[in-house]
Amino acid sequence: IEHGDRCFRIANEQGFAFWIALGIGCRGVGLKQLGRFEEAIDLLQDTISQLYATGSNIVFTKYKGHLADALWQSGRRDEALTKLDEAFADQASGERYMEAELLRIRGDFAFDRGELDQAETSYRESLAVAIRQGAKMYELRSTLHLCRVWQQRGQLAEIRQDLEPLCNWFTGGFDMPDVKAAKALLAGL
């Protein structure tokens with residue numbers, strides 16, 4: 001949130017409309033991560049509107065993906081599905097850095113509906129993209145979410161087999177939420 005506020009302040013002082021939108025978006029993502037979904041939704045919708053107003057054709061996948069997740073978490077499921085579909089469609093422009101995250105979010109939606117097979121499929125697709133892109137944090141996050149499916153099914157050996165080497169890859173960042181969650185999951189096995 002602090003970085004978003006700083007970006008907004010500097011961009012506002014300089015009159016940089018695109019960066020103003022990004023500052024608002026960063027704040028929205030931060031609020032979403034803190035569980036303040038309604039506030040996040042307002043800011044993320046504002047970000048998307050402002051980005052359209054600048055004529056931009058980048059970063060829509062990011063903010064629409066985060067908006068879809070916030071909408072889902074706040075119980076606005078139909079809107080969330082629509083926004084996630086829009087985020088996937090925006091990838092047609094070639095901007096694919098959020099692809100693993102969008103697939104993971106799709107898996108989360110399926111998991112929440114109790115559709116474990118569909119969730120596993122989405123998480124595996126997310127994992128494959130993260131590996132192909134060399135995005136270790138997305139790889140860890142996708143694996144963690146896949147482990148939730150395995151926990152539901154009692155497949156504990158798979159959790160240790162896939163999660164342990166990935167956790168050992170990280171030599172820093174141990175205070176990051178995904179790293180903490182992975183280590184806690186392994187410690188609890």
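This short talk covers the largest pocket of the structure and a selection of its salt bridges.

Good morning, colleagues. Please bear in mind throughout that the model is predicted.

I begin with the pocket. Its volume is about 710 Å³, and 23 residues line it. Which residues lie nearest the centre of this pocket? They are Lys 32, Gln 33, Glu 101, Arg 141 and Asp 178.

Several helices contribute to the lining. At least two lining residues come from each of H2 (17-33), H4 (60-73), H6 (99-112), H8 (136-153) and H10 (177-187). Helix H8 provides the largest share, namely five residues. As for the character of the lining, ten residues are charged, nine are nonpolar and four are polar.

I turn now to charge pairing. As a general matter, side chains of opposite charge can pair when their charged atoms come close. How many salt bridges does the model contain? The count comes to 22, and I shall discuss three of them.

Let me take the pair in helix H6 before the others. Arg 104 and Glu 101 form a salt bridge with an N to O distance of 3.0 Å. These two residues stand three positions apart in H6, so about one helical turn separates them. Are these partners buried or exposed? Arg 104 is buried, at 6% relative accessible area, and Glu 101 is likewise counted as buried, at 4%.

This pair also belongs to a wider arrangement. A network of salt bridges links Glu 101, Arg 104, Asp 108, Arg 141, Arg 148 and Asp 178. Among the members of that network, Glu 101, Arg 141 and Asp 178 have already appeared in this talk, as residues lying nearest the centre of the largest pocket.

The next pair lies in helix H1, which spans residues 2-14. Here the side chains of Arg 9 and Glu 13 meet in a salt bridge, at 3.7 Å from N to O. Because Arg 9 and Glu 13 are four residues apart in this helix, their separation is about one helical turn. Arg 9 is partly exposed, with 44% relative accessibility, whereas Glu 13 is exposed, at 55%.

The last pair is Glu 79 with Arg 76, a salt bridge whose N to O distance is 2.9 Å. Glu 79 counts as partly exposed, at 38% relative accessibility, and Arg 76 is partly exposed as well, at 25%.

To close, I return to Glu 101: this buried residue is one of those nearest the centre of the largest pocket, and it takes part in the salt-bridge network. Thank you for your attention.

Methods: Residues numbered from 1 in each chain as written. Predicted model: local features only at pLDDT ≥ 70, side-chain atom pairs only at ≥ 80, totals over all residues. Heavy atoms only, no water. 1 Å grid on protein atoms, 1.4 Å probe; cavity = no way out; pocket = protein on both sides within 12 Å on 5 of 7 lines; lining within 4 Å. Points joined across faces, edges and corners; volume = space filled by probe spheres on them. Nonpolar A, V, L, I, M, F, W, Y, C, P; charged D, E, K, R; others polar. Salt bridge = Lys/Arg side-chain N within 4 Å of Asp/Glu carboxyl O. Buried < 20%, exposed > 50% of the residue type's maximum accessible area, 1.4 Å probe, protein only.
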